[in-house]
Amino acid sequence: MSESAGEWLRRLTDLHGPLMFHQSGGCCDGSSPMCFPDGEFRIGPADVHLGDLMVEGLAKPVGFWMAADQYEYWKHTQLTVDVVKGRGSGFSVEAPEGVRFLIRSRLFTDKESEALGLL
């Protein structure tokens, strides 16, 4: 997670309480991570828990889930949550604030992929 994403997660937690992310895939804003109050998005058996974002100053980590079919495309990459100016058209809690979350990625090295059991 970028420093600016952490700042926004602290601000948004003050407004909405504990948060969570879900990335479903699809086109347009459907491919952006959506941030919701924790528990407001139903996680199901077709979702993969990628991990938790540990944000300094927050009592609870921010969980990050991804649709399993999207995970198959992304599992070979390191994902970083970032935030940029601009308004997405989704239901993500940051939309009214004039910013939107996005994912930056890079492919894992062979050594990283091997350590993660991907090779």
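**Exercise 1. Which residues does Phe21 touch, not counting residues up to four places away in sequence?**

Solution. The model is a predicted one, in which local features need pLDDT of at least 70 and side-chain atom pairs count only at pLDDT 80 or more, while totals for chains, interfaces and linings use all residues. Residues are numbered from 1 along each chain as its sequence is written, and side-chain values use heavy atoms, with hydrogens and water left out.

Begin with the location: Phe21 belongs to strand E1, where strands (E, at least two residues) and helices (H or I, at least four residues) are DSSP runs numbered from the N terminus. Next take its exposure: Phe21 has 0% relative accessibility and counts as buried, a term that means under 20% relative accessible area, whereas exposed means over 50% and partly exposed lies in between (1.4 Å probe, protein chains only). Now list the contacts, defined as heavy atoms within 4.5 Å: Phe21 touches Leu9, Pro33, Met34, Cys35, Leu53, Val62, Gly63, Phe64, Trp65, Val81 and Phe101. As a last step, compare sequence and space for one pair: Phe21 and Phe36 are 15 residues apart along the chain, and their C-alpha atoms are separated by 6.3 Å.

**Exercise 2. Work out the order and pairing of the open sheet of 4 strands.**

Solution. Strands of a sheet pair through backbone hydrogen bonds, in either a parallel or an antiparallel manner; here two strands are taken to pair if DSSP finds at least two bridges between them. The order across the open sheet is E2-E1-E4-E3, and the pairing is mixed. E2 and E3 are the edge strands, each of them pairing on one side only. Direction ignored, neighbouring strands of this sheet are turned by 25° against each other on average.

The mixed character can then be followed strand by strand. E1 pairs with strand E4 (residues 62-67) in the parallel sense over 4 bridges, and within this pairing Phe64 of E4 is the bridge partner of Phe21. E3 and E4, by contrast, run antiparallel and are joined by 6 bridges. Trp65 in E4 has His22 opposite it, and His49 also stands opposite Trp65.

Finally, consider how E4 is covered: 6 of its 6 residues are buried. Val62, Phe64 and Met66 point one way from the strand, Gly63, Trp65 and Ala67 point the other way, and all are buried.

**Exercise 3. Test the length of helix H1 and locate its buried side.**

Solution. The expected span of a helix is 1.5 Å times one less than its number of residues. For the 14 residues of H1 (residues 3-16) the expected span is therefore 20 Å, and the end C-alpha atoms are 20 Å apart, which agrees.

The buried residues of H1 are Ala5, Gly6, Trp8, Leu9, Leu12 and Thr13. They lie on the same side of H1 because they cover an arc of only 160° around the axis, the arc being that of the directions from the helix axis to the C-beta atoms. On the face turned away from the buried side are the exposed residues Glu3, Asp14 and Leu15.

To find what the buried side meets, note that its residues pack against strands E1 (19-23), E2 (34-37), E3 (47-53), E5 (77-85) and E6 (99-107). H1 lies across E1, E2 and E3 and runs at about 115° to E1; axes are lines fitted to C-alpha atoms, for helices over the stretch in contact, and angles run from 0 to 180 degrees between N-to-C directions. Just after H1, Gly17 takes a positive phi of about 85°.

**Exercise 4. Compare the surroundings of Trp8 and Ile103.**

Solution. Trp8 lies in helix H1 and is buried, with a relative accessible area of 14%. Beyond its neighbours within four places in sequence, Trp8 is in contact with Val83, Glu97, Val99 and Phe101.

Ile103 is found in strand E6 and is also buried, with a relative accessible area of 17%. With neighbours within four places in sequence again left aside, Ile103 is in contact with Gln23, Pro33, Phe64, Trp74, Leu79, Thr80 and Val81. One of these, Thr80, is 23 residues away from Ile103 in sequence, and the two are 5.6 Å apart in space, C-alpha to C-alpha.
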